[in-house]
Every structure is written in C-alpha cells, then in structure tokens.
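Q: Got a minute to go through this one with me? I'd like to talk about the packing, the rings and the cysteines.

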Amino acid sequence: MSIAKNVFEVRQTIDQHRGEQPVTLIAVTKSVGPDVANALYAEGIRDFGENRPEGLLEKVKELPSDAKFHFIGSLQTRKVRQIIDHVAAIHSLDRSSLAEEIDKRADRIIDCFVQVNVSGEASKHGLEKEEVVPFIENCKQYPHIRIIGLMTMAPLTEDEAVIRETFRNLSRLRDDVSRLAYPHAPCMELSMGMSNDYTLAIEEGASFVRIGTVLVQ
Ligand SMILES: *Cc1c(COP(=O)(O)O)cnc(C)c1O
C-alpha cells in the first residue's frame, strides 16, 4: 500500500473529470486506524469520512486539529450527542426525529446533506425523491440545521448508465430544491461518488466525493 501514490492518483483522476467545479475529496477512513488516517493527512487530506460515532471520535483524538470530519453513515438519534461538536457536516440526514435531535444538541449551525434513495432500492437508506422537498421545508423549524446539499449512494450494479442516471436525478433534485431558495436550505452541494463510481459522479456534478477503498488499499 502506498498512501501517497493512491492520493496522487485519485486527485489526478478527479482533476481529469471535474471541469470547472471544485470537488472536495473526503477520505473515508471507516475501515482503517488512525495511523492510516494520519498518513492521508500527511498527503494533504483534510476531510475525513466516518460512518460510526466510535470511529469518528477515535480519529478526532488522533488527528491534528484542522482535520474535518464528515459523518456519512446512518446515525442513531441517541448517538447524535457524542459527535455533534466534532462534525464538519452530516451527510445522512434522513428523518425528522434526527433533525430534531441535531437541532437540540447543537450549539452552532450544523451543515447537513439530506440523504436520498434515488434508485428506490429497498435496502438503501434515505428519503424517497418525492419526500425530499416536504422534508426540507419542514426543517425550517430547526434553527441549528442548514441543508447544504443532497447525498446519495448509487445502486449496486455494473450498469454505468443506471449509475449515471441515479447521479443525474440527484443533481436535478438538487436544482429543484435550490431554486426554492429557502434561507435554511441553500442546497448547492452534491455528495455522491465512491471508489467504484466517483468519475461518473463528478461528471454529473458531484462537489463532494466519499472515497475509501482506493485510497487505503
Ligand atoms: C464506505 C462508504 C464510502 C466509501 O466507499 P468505498 O467504496 O470504500 O470508496 C462512501 N460513502 C459511504 C456512505 C460509505 O459507507
């Protein structure tokens, strides 16, 4: 494993696919320890993704203080309190009870992505497309929540056309929400793309990619 080479190659690939739009590379460190996370930091990575509170807190403790942490997994309401002071953004907002708890526990505005189940797969977390606008509208009652964008995971398929269509649909939905111009929901960002599909995601407008395997393998 060469972390330096992995980071170099992923950054290069991002640059080849992104056109004008800035893309933030989130290194997903859920499957590795603080040593590997620190090696990523040494290569200039500042955004880290974790899907469990324990993993996030461990990395917070072991990384320099300018590292930023993105919570990307399904979040139990009772765990919000543990992570709320340490997150740069929560990518998995998917229900009102979670919004309410984040609002209650936060003492600053928390940037959130609403997770959308674009493909409608039963196994996937996230709101159905039709639920997104009413849900976001409802979030205006929570002063500590700012919806900065939408997040999705592509369906499990090899079919590039299906994956691309998923990302494109999320992008359209993002446009619909941002056009509503809710003060609490600027909704300009798209969190989409993982190791296997991030080039497609970037071509479809991703502004945050969440990449684990190809960085840490
Ligand atoms: C694990 C995970 C990733 C990274 O996946 P890789 O295939 O390892 O790049 C991205 N997003 C979420 C929500 C994840 O759980």
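**Cysteines, core and rings**

A: Sure, and keep in mind that this is a predicted model. Let's start with a cysteine: Cys139 counts as buried, with a relative accessibility of 0%.

Q: What is the nearest cysteine sulfur to Cys139, and how far away is it?

A: The closest one belongs to Cys112, and the sulfurs are 7.8 Å apart, too far for a bond. A disulfide needs the two sulfur atoms within 2.5 Å.

Q: And Cys112, buried or exposed?

A: Buried, with a relative accessible area of 0%. Cys112 is in no disulfide.

Q: How many disulfides turn up in the whole structure?

A: Zero, after a search of the whole structure.

Q: OK, new topic. Which residues touch the most other members in the largest nonpolar core?

A: That core has 64 residues, and the ones touching the most other members are Leu40, Phe48, Leu93, Ile102 and Ile136. Helix α7, residues 160-180, gives the largest share of this core, five residues.

Q: Is there a second core, or what else is there?

A: A separate second core has six residues, and Ile26, Ala89, Phe113 and Ile148 are among them.

Q: Back to Phe48, what does it touch?

A: Leaving out residues up to four places away in sequence, Phe48 touches Ile26, Ala27, Thr29, Ala37, Leu40, Tyr41, Leu63, Ala67, Lys68, Phe69 and His70. Leu40 in that list is also one of the residues with the most contacts to other members of the largest core.

Q: Tyr41 is on that list too. What sits over its ring?

A: The charged end of Arg46 does, 3.5 Å from the centre of the Tyr41 ring.

Q: Let's do a helix. Which residues of α6 are buried?

A: Val132, Phe135 and Ile136 are buried in α6, which spans residues 129-138.

Q: Where do those buried residues fall when you look down the axis of α6?

A: They fall within an arc of 95°, so they line one face of the helix.

Q: And what do they pack against?

A: The buried residues of α6 pack against three strands and two helices by name: β4 (89-93), β5 (110-115) and β6 (145-151), plus α5 (96-105) and α7.

Q: Now the rings. How many aromatic pairs are there?

A: The count comes to two. One of them is Phe113 with Phe208, an edge-to-face pair at 5.4 Å centre to centre, with 80° between the planes.

Q: Which parts does that pair tie together?

A: Phe113 is in strand β5 and Phe208 is in strand β8 (residues 208-211), so the pair links parts that are 95 residues apart in sequence.

Q: Are those two rings buried or exposed?

A: Phe113 is buried, at a relative accessible area of 0%. Phe208 is buried as well, at 13%.

Q: Last topic, backbone. What is unusual about the phi of Ala181?

A: Ala181 has a positive phi of about 55° although it is not a glycine. For context, most residues other than glycine have a negative phi.

Q: Where is Ala181 found, and is it buried or exposed?

A: Ala181 is in the loop between α7 and β7 (189-191). With 56% relative accessibility, Ala181 counts as exposed.

Q: What about the phi of Cys187?

A: Cys187 also has a positive phi, about 50°, and is not a glycine. Cys187 lies in the loop between α7 and β7, but counts as buried at 0% relative accessibility.

Methods:
Residues are numbered from 1 along each chain as its sequence is written. This is a predicted model: local features need pLDDT of at least 70, side-chain atom pairs count only at pLDDT 80 or more; totals for chains, interfaces and linings use all residues. Side-chain values use heavy atoms; hydrogens and water are left out. A nonpolar core is a set of buried Ala, Val, Leu, Ile, Met, Phe, Trp, Tyr and Cys residues joined through side-chain atoms within 4.5 Å. Buried means under 20% relative accessible area, exposed over 50%, partly exposed in between (1.4 Å probe, protein chains only). Helices (H or I, at least four residues) and strands (E, at least two) are DSSP runs, numbered from the N terminus. Contact means heavy atoms within 4.5 Å. The arc is that of the directions from the helix axis to the C-beta atoms. Rings of Phe, Tyr and Trp (its six-membered ring) pair if their centres lie within 6.5 Å; planes under 30 degrees apart count as stacked, over 60 as edge-to-face and the rest as tilted. A charge sits over a ring if NZ of Lys or CZ of Arg is within 6 Å of the ring centre and within 35 degrees of the ring normal.
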